[in-house]
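Open your viewer and get the selection tool ready. We will go from stop to stop, with something to select at each one.

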Amino acid sequence: MAFEWKERYKLGNEEVDKQHRKLFEIGARAYELTRLDNAYDRYDDIMEVLRELLDYAQYHFRYEESFMEKHNFEHLTHHASEHNYFVAKVKSLLTRDIDDEQEQTLLEITDFLSEWVSTHIMFEDRKYTVLFQKF
Ligand SMILES: [Fe+2]
Ligand SMILES: [Fe+2]
């Protein structure tokens with residue numbers, strides 16, 4: 001399952017790993033919703049998952065960006081642009097007619113999130129782990 005936490009996702013900072021784990025948990029909840037029968041109305045659950053994802057991701061991104069700022073991380077601008085892209089994507093999902101497109105929306109959330117996990121966390125976030133030694 002794409003949202004099962006694995007040791008290899010750890011970046012070596014307790015707080016950052018805890019926050020990433022939380023994002024995985026939200027992803028796992030979205031994935032569970034895709035497995036329910038289509039006859040079941042998932043509108044409220046989808047909205048709840050999306051809003052929580054947006055809130056928590058914004059909190060996490062602010063945490064990472066202020067950490068990078070504090071240490072003058074050279075790739076901050078690019079990193080922040082990937083965060084902004086993520087936020088814009090979740091916001092755009094929230095503005096569509098989710099009630100009529102429940103299955104489609106869920107598939108997009110889970111696809112987008114699992115892609116994000118394997119690229120952003122594993123590749124981009126890993127780049128700033130060099131800063132952890134400066135604590
Ligand atoms: Fe991150
Ligand atoms: Fe990040």
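Which residues of the largest nonpolar core touch the most other members? This is a predicted model, and here the answer is Ile-46, Leu-50, Leu-53, Phe-86, Val-90 and Ile-109, out of 32 residues in that core. Select these six to begin.

**Stop 1: the core**

Now colour the helices. The elements that give two or more residues to this core are α1 (14-34), α2, α3 and α4. With nine residues, α2 gives the most. As a rule, in soluble globular proteins nonpolar side chains tend to be buried together.

Zoom in on Ile-46 and show its surroundings. Setting aside residues up to four places away in sequence, Ile-46 touches Leu-33, Ile-98, Gln-102, Thr-105, Leu-106 and Ile-109. Apart from the core you have just seen lies another, of nine residues; select Leu-76, Tyr-128, Leu-131 and Phe-132, which are among them.

**Stop 2: the first iron ion**

Next, select ligand 1, an iron ion. Which protein residues donate to this ion? Show His-20 (NE2), His-60 (NE2), Glu-64 (OE) and Asp-125 (OD), and you will find them 2.1 to 2.2 Å from the iron ion (ligand 1). Along the chain, these donors follow the spacing H-x39-H-x3-E-x60-D.

Why is the arrangement around this ion irregular? The four donor atoms subtend angles of 83 to 169°, whereas a tetrahedral site would need all angles between 85 and 135 degrees. For square planar, opposite donors would have to be over 155 degrees apart and all others between 65 and 115. The angles at the iron ion (ligand 1) make its arrangement irregular.

Keep Glu-64 and Asp-125 highlighted. Glu-64 lies in helix α2 (residues 43-70) and Asp-125 in helix α4, so the pair ties together parts that are 61 residues apart in sequence. Are these two buried or exposed? Both Glu-64 and Asp-125 are buried.

**Stop 3: His-60 and its surroundings**

Stay with the donors and centre on His-60, which is found in helix α2. Its relative accessibility is 1%, so His-60 counts as buried. Add Gln-19 to the view: the side chains of His-60 and Gln-19 make a polar contact at 2.6 Å. Leaving aside neighbours within four places in sequence, the residues in contact with His-60 are Val-16, Gln-19, His-20, Leu-23 and Asp-125.

**Stop 4: the second iron ion**

Move across to ligand 2, also an iron ion. How far apart are the iron ions (ligand 1 and ligand 2)? They lie 3.5 Å apart, with Glu-64 bridging them.

Show the protein donors of the iron ion (ligand 2): Glu-64 (OE), His-79 (NE2), His-83 (NE2), His-120 (NE2) and Asp-125 (OD), which lie 2.1 to 2.2 Å from it. Their spacing in sequence is E-x14-H-x3-H-x36-H-x4-D. Pick out His-79 in helix α3 (residues 76-95) and Asp-125 in helix α4 (residues 102-127): this pair links distant parts of the chain, 46 residues apart. His-79 is buried at a relative accessible area of 1%, and Asp-125 is buried at 0%.

**Stop 5: aromatic rings**

Now show the aromatic side chains; the structure holds 14 aromatic pairs. Begin with Tyr-9 and Phe-24, a tilted pair at 4.9 Å centre to centre and 40° between the planes. Tyr-9 sits in the segment before α1 and Phe-24 in helix α1, 15 residues apart. Tyr-9 counts as buried at 7% relative accessibility, and Phe-24 is buried with a relative accessible area of 2%.

Then select Phe-86 and Phe-112, which form a tilted pair at 5.3 Å centre to centre, with 35° between the planes. Phe-86 is in helix α3 and Phe-112 in helix α4, so this pair ties together parts 26 residues apart in sequence. Both are buried. Add Phe-61, Tyr-85 and Trp-116, and you have one aromatic cluster together with Phe-86 and Phe-112.

**Last stop: Gln-133**

Finish at Gln-133, in the segment after α4. Is Gln-133 buried or exposed? Its relative accessible area is 68%, so Gln-133 is exposed. To use your distance tool, pick the C-alpha atoms of Gln-133 and Glu-52: they are 31 Å apart in space, and the residues are 81 apart in sequence.

Key
Residues numbered from 1 in each chain as written. Chains lettered and ligands numbered in written order. Predicted model: local features only at pLDDT ≥ 70, side-chain atom pairs only at ≥ 80, totals over all residues. Heavy atoms only, no water. Donors = N, O, S within 2.8 Å, 3.2 Å for Na, K, Ca; no water. Helix = DSSP H or I, 4+ residues; strand = E, 2+ residues; numbered from the N terminus. Buried < 20%, exposed > 50% of the residue type's maximum accessible area, 1.4 Å probe, protein only. Tetrahedral: all angles 85-135°; square planar, octahedral: opposite > 155°, others 65-115°. Polar contact = N/O pair within 3.5 Å; in protein donor to acceptor, adjacent residues only side chain to side chain. Contact = heavy atoms within 4.5 Å. Core = buried A, V, L, I, M, F, W, Y, C linked by side-chain atoms within 4.5 Å. Phe/Tyr/Trp six-rings, centres within 6.5 Å; stacked < 30°, edge-to-face > 60°.
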